[in-house]
Amino acid sequence: MSRDIDVLVLGGAGVDTIVYVPELPLPYADSYMIDSGIRTRAGQTGDFVAAALSGLGLRTHHLDFLGDDPEGDLVRALHREHGIALTAIPQPAGTKRAVNLVGPDGRRLSLYDTSRAHADDRFPEDTLRTLAAAGRHAHVSITHPCAEALPVLREAGVTLSTDLHNWDGENPYHEPFAYTADVVFLSATALTDPERTMRRIAERGRAEVVVATAGAEGAYLLTDGVLTHVPTVAPPAPVVDSNGAGDAFAAAYLYGMLSGEPPHRCAVYGAVAGAHACTVPSTHTDAIGRDELLERAASFEALQGP
């Protein structure tokens, strides 16, 4: 079968309600007046990665469970708007949803509704095998039931990536993802020793590349046993929201990887895309385009020198 899907994105479809709050943590009060409004929009981790990949010109297909509800309609509309192929498995429990509290400095606190899934939910194996056989690469969200799909994806022969988000390095839920993927992204936020966790992922699993994003401190790249630092990229506009920055980083890295670029340049692409994402409010889905990504990355590398 021809590989006519560049990236199969698995899981992470849903709807977020965005609330801009005066500070985080939010002190207890009986009520708060939210002048900026409270908005519900489609877009969780898988949606953001799919939109970012599509914006970079990659043929992207998204597979996940969706409910027959207004939230599911928002997710379907987002995919139509961005030209992303979507296979939606019916979910009687409803579409996944969350509430994101966003502070003035762009930091966020996410509250996830875990009731929109069943413990025995599984992607139909025939559907999964067909899509995987048509793909060059699969990016697997850590949402349920993606862990059960990992063996099927491995058998299909596609390379795998995943984003562990703010894993603390100990929670066993993340381990199947961490030790099965070829490329592993994670945030350094909850790690006391990011390098130790990164090396453990590489030693215990299959990962050839591990990337830990560290916000304003840039990112750390582990490949071939060598840990290097990727400096932060200055955002092109004021930072308003960090939501989706990690997804943008992962998508731009994968664009570089699938274009044949070396890991460090892929990480620079990720840093540029992540910086761009921080300038976009959570209420919008506006990923960086390919031409802009390449131009900014070239300018950044020229400033860094040889």
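At what angle do helix α3 (residues 125-133) and helix α4 (residues 146-156) pack? The legends below take that pair first and then move on to other close-ups of this predicted model.

**View 1. Helices α3 and α4 pack against each other.**
The angle between α3 and α4 is about 40 degrees, and their axes are 9 Å apart. Angles from 65 to 115 degrees would count as roughly perpendicular and those under 35 as roughly parallel, so α3 and α4 are oblique to each other. The crossing of α3 past α4 is right-handed. On the α3 side, look for Glu125, Leu128, Arg129, Ala132 and Ala133; on the α4 side, for Ala149, Val152, Leu153, Glu155 and Ala156. Sorted by class, that contact has seven nonpolar residues and three charged ones, with no polar residue.

**View 2. Helix α1 meets helix α7 (residues 245-258).**
Here the two axes come within 8 Å and cross at roughly 40 degrees. That makes α1 and α7 oblique to each other, too. Again we have a right-handed crossing, with α1 passing α7. From α1, the contact uses Thr45, Phe48, Val49, Ala52 and Leu53, while α7 brings Asp247, Ala251 and Leu254. The tally for this contact is six nonpolar residues, one polar and one charged.

**View 3. A nine-stranded open sheet.**
Follow the strands across and you get β5-β4-β1-β8-β9-β10-β11-β12-β13, with mixed pairing. At the edges stand β5 (85-90) and β13 (226-230); each has a single partner strand, so one side of each has no neighbour in the sheet. On average, neighbouring strands here are turned by 15 degrees against each other, direction ignored. Two helices to look for are α1 and α8. Helix α1 (residues 45-55) packs on the sheet and touches β1 (5-10), β4 (60-66) and β8 (135-140), with its direction at about 165 degrees to that of β4. Helix α8 (residues 263-277) also packs on the sheet, touching β11, β12 and β13, and its direction makes about 30 degrees with that of β13.

**View 4. Strands β11, β12 and β13 up close.**
Strand β11 (residues 209-213) pairs with strand β12 (residues 219-223) over five bridges, in the antiparallel sense. To get your bearings, find Val209, which sits opposite Thr223 in β12. The pairing of β12 with β13 is antiparallel as well, over five bridges, and there Leu222 faces Leu227 in β13. What joins β12 to β13 is a hairpin with two residues between the strands. In that turn, Asp224 has a positive phi of about 55 degrees.

**View 5. A four-stranded open sheet.**
The order is β3-β2-β6-β7, and the pairing is mixed. Both β3 and β7 (108-112) are edge strands with a single partner each, so each has one side without a neighbour in the sheet. Neighbouring strands are turned by 25 degrees against each other on average, direction ignored. Strand β6 (residues 97-102) and β7 run antiparallel and are joined by five bridges; Val99 is opposite Leu111 in β7. Helix α2 (residues 70-82) packs on this sheet, where it touches β2, β3 and β6. The direction of α2 makes about 60 degrees with that of β3.

**View 6. Backbone oddities in the loops.**
Most peptide bonds are trans, and most residues other than glycine have a negative phi. Against that background, the bond from Leu24 to Pro25 is cis, with omega near -5 degrees. You'll find Pro25 in the loop between β2 (15-20) and β3 (38-42). The bond from His144 to Pro145 is cis too, with omega near 5 degrees, and Pro145 is in the loop between β8 and α4. Then there's His165, a non-glycine residue with a positive phi near 55 degrees; His165 belongs to the loop between β9 (159-163) and α5 (175-180).

**View 7. Zooming back out to the whole chain.**
Altogether, the protein has nine helices and 13 strands. Its radius of gyration is 18 Å, close to the 19 Å that the globule rule gives for 306 residues, so the protein is as compact as a globular protein of that length. Along the principal axes, the C-alpha atoms fill a box of roughly 55 × 45 × 40 Å.

Notes. Residues numbered from 1 in each chain as written. Predicted model: local features only at pLDDT ≥ 70, side-chain atom pairs only at ≥ 80, totals over all residues. Heavy atoms only, no water. Pairing = 2+ DSSP bridges. Axes fitted to C-alpha atoms, helices over the stretch in contact; angles between N-to-C directions. Contact = heavy atoms within 4.5 Å. Parallel < 35°, antiparallel > 145°, perpendicular 65-115°, else oblique. Left-handed = near helix turned anticlockwise from the far one by under 90°. Nonpolar A, V, L, I, M, F, W, Y, C, P; charged D, E, K, R; others polar. Rg over C-alpha atoms; globule rule 2.2 N^0.38 Å.
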